[in-house]
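The following exercises are to be worked through with the sequence and the structure at hand. Each task is followed by a solution in steps.

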Amino acid sequence: MKVVKLSFVLILFFAINAYPLSTVPGTLPKGTPYGAYGGRPMAERNLIINVDHRPTVSLNGKWRVIIDPYENGYYDYRYLPSKNGYFKNAKARNKTELVEYDFDKSGVLNVPGDWNSQQDKLFFYEGTIWYKKSFPLPRLASGDAGASDYQGKPNTRVFVYFGAANYHSIVYLNGQKLGEHTGGFTPFNFEITRHVREPRPSQEGSPSAVSSGRTNRVSSIPTVHFDNEGRGEPRPSQEGSPSAVSSGRTNRVSSIPTVHFDNEGRGEKDNFLIVKVDNKRLREGVPTLNTDWWNYGGLTRRVELIEVPETFIRDYFIQLKKGSLKTIAGWIQLDGKQTSQTITVEIPEANVKQTFNTNDDGYVEFEFDAELQLWSPENPKLYDVIIKSQTDSLTDSIGFRSVKTEGTKILLNGKPIFLRGICIHEQAPKSKARAYSKEHAETLLGWAKEMNCNFVRLAHYPHNEYMPRTADRLGMLVWSEIPVYWTILWENESTLKNALSQLTEMITRDKNRASVILWSVANETPVGDARNEFLKTLVERAKSLDPTRLITAAMEKSSEGRNKPVINDPFGQYVDVLGCNEYIGWYEGLPDRCDLYTWKTIYNKPVIISEFGGGALGGFHADKDTRWSEEYQEYLYEKQIKMLEKIPFLAGTSPWILTDFMSPRRPLPRIQDYWNRKGLISDKGKKKKAFYVMQRFYEKHKQNEQ
Ligand code: GCU
């Protein structure tokens, strides 16, 4: 009997390994290493991608806030985390009870938005601000395909999603801690399915649950706005008083009673989401203490509730296989109990319909050929790609292009391309605020297009998702970077962990964007063994997550003697493309110095001059030798271009920078006033003379390419 049992187990073992579950047509050839396309089993990541195409409830709008410089809402007087912090949303239950804060009588801030540009008193503020948003459970129209009422409805889960929050966030729902996130420029989400409060019977179907300014992408699901925080713009004299305020909005909103009468927010009928956001700069942080950009704090990007089926399509990677112009390769990751499912990937316009089976981890890798129009700046072709599983379906608009290097050339879809670029900070156009919206993205990238650019370097951190998605649509190639900037703590383990997680989140969010061709792991970091090792680890992670794109970093030149700049940073051996920042004619001599320089590199790799330029106060005119005049900046650009045109291994340029941007390192009165003035467009949105120098240079390049 024992022998029979043993032989049966052996037969079963060989059978499974002979035919792994996922070998259906189009899935990877047998023996392809697991995770060959950067995918990893679910446990390692929980970020939900492509929020734009999922049913969401927006929590944008006014949030109640408590400014807490001493973190009194988090620590007790012994500086130990308090169990009774502000996350409890407590209220005095009677006239004797002592509660020394009250969200609903506190001020409001807009979300998305940095706090520094919203209130003068917060302009220089670095520290903690507590945000509170109450939201009743929206009852979604029942019976709509895919629509569901997630309380009590089987097979539905809810997540709260943050586009970004600078810098360290702790998130609570109904007094319960959901989790923490470090890093100010990448998204994160927490599951709230088990934490969400059920609406009380009296609230069932109350008309107030629905209002919607914004059109909803997933047609059947209404998008819901709740702003019972501020109830529209509070009139100054009535700031904080709950009921007196009324807004231009229809009254139905104000009919929801906001009830407060005990200290666990229990009296509050709504769910209350509380976020402690702290933008204090840290030596071990990423970035570290000093940056040449404003340390905007707050819930700087959108906040959404995402509703998904119990097992949903959480993450996927669908791009052309490295080096191929027709083979699509990638993976799909389900999240939930029903891990083994049949999945189809459809690209109707390209007559593609492929079916695969996920394994026990809810994961499948695949590759298949397709006849595609390739995405390029001239033809930014995007396809609707529909992923369907047995429990979920999701659409995305994806472009397919290949990018690689050959010697000192960058090849896009097999052809050499010169990157006509410009650097951009996430500065809202004509504003002191951080950019966050689609409109901001369209304006900034529109200006770059006007300058005849086909490439933008998004510095020095991952920008909001509207930037790469708009770049996809407009046909703009993108360099995306994590804020490993200047001199961070190379030997600090938590610093490395932090940088790795920001890198992973950046790549996870944008890996399906055709526009993104370069992942940058650093900017102007000092050569040294610990630094090289640190950056090497980042490159390995980037390559393991995404084998299809090029890796780079903005490095600095050194010199082989006077006027002999050379690119020989030892870290250059680990990247595909070398970025080099130089400020000849601004920090290094005067513009004429450019005429003397002959550039060299020790690498047979493409070089992008990833920063050059100088400052000018928009509208200040003088002779070309007067710093801060538009004429000085214009002359500097003319001289730079002459020098750059002589560099044989130059594959692209991205001058510093498209628009003036806020920086605490720039106090010069009546010239800078905390603006870095190296923009080619002023803080008022006015183009400076140097803008046209670049526009002409890139026009000439464009002509030559044709
Ligand atoms: C540096 C740096 C930028 C900075 C710029 C400047 O090279 O990378 O972040 O703003 O120079 O000095 O203006």
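**Exercise 1.** In which sense do strands S11 and S12 pair, and over how many bridges?

*Solution.* The model is a predicted one. Begin by locating the two strands: S11 covers residues 312-320, and S12 covers residues 327-335. Their pairing is antiparallel and comprises 8 bridges. One position can then be checked individually: Gln-319 has Ala-329 of S12 as its bridge partner. Finally, consider the hairpin that S11 and S12 form, with 6 residues between the strands. Within this hairpin, Gly-323 adopts a positive phi near 80 degrees.

**Exercise 2.** Identify the strand that 7 bridges join to S12, and give a pair of residues that stand opposite each other.

*Solution.* The strand is S15, residues 363-369, and it runs antiparallel to S12. For the pair of residues, take Thr-327, which stands opposite Asp-369 in S15.

**Exercise 3.** Determine whether the residues of S12 are buried or exposed.

*Solution.* First, count along the strand: 9 of the 9 residues in S12 are buried. Next, separate the residues by direction. Thr-327, Ala-329, Trp-331, Gln-333 and Asp-335 point one way, while Ile-328, Gly-330, Ile-332 and Leu-334 point the other way. The residues of both groups are buried.

**Exercise 4.** Why does Cys-423 count as buried, and how many disulfides does the structure hold?

*Solution.* Buried means under 20% relative accessible area. Cys-423 counts as buried because its relative accessibility is 0%. Cys-594 is likewise buried, with a relative accessible area of 0%. As to the second part, the structure holds 0 disulfides.

Key
Residues are numbered from 1 along each chain as its sequence is written. This is a predicted model: local features need pLDDT of at least 70, side-chain atom pairs count only at pLDDT 80 or more; totals for chains, interfaces and linings use all residues. Side-chain values use heavy atoms; hydrogens and water are left out. A disulfide is a pair of cysteine sulfur atoms within 2.5 Å. Buried means under 20% relative accessible area, exposed over 50%, partly exposed in between (1.4 Å probe, protein chains only). Helices (H or I, at least four residues) and strands (E, at least two) are DSSP runs, numbered from the N terminus. Two strands pair if DSSP finds at least two bridges between them.
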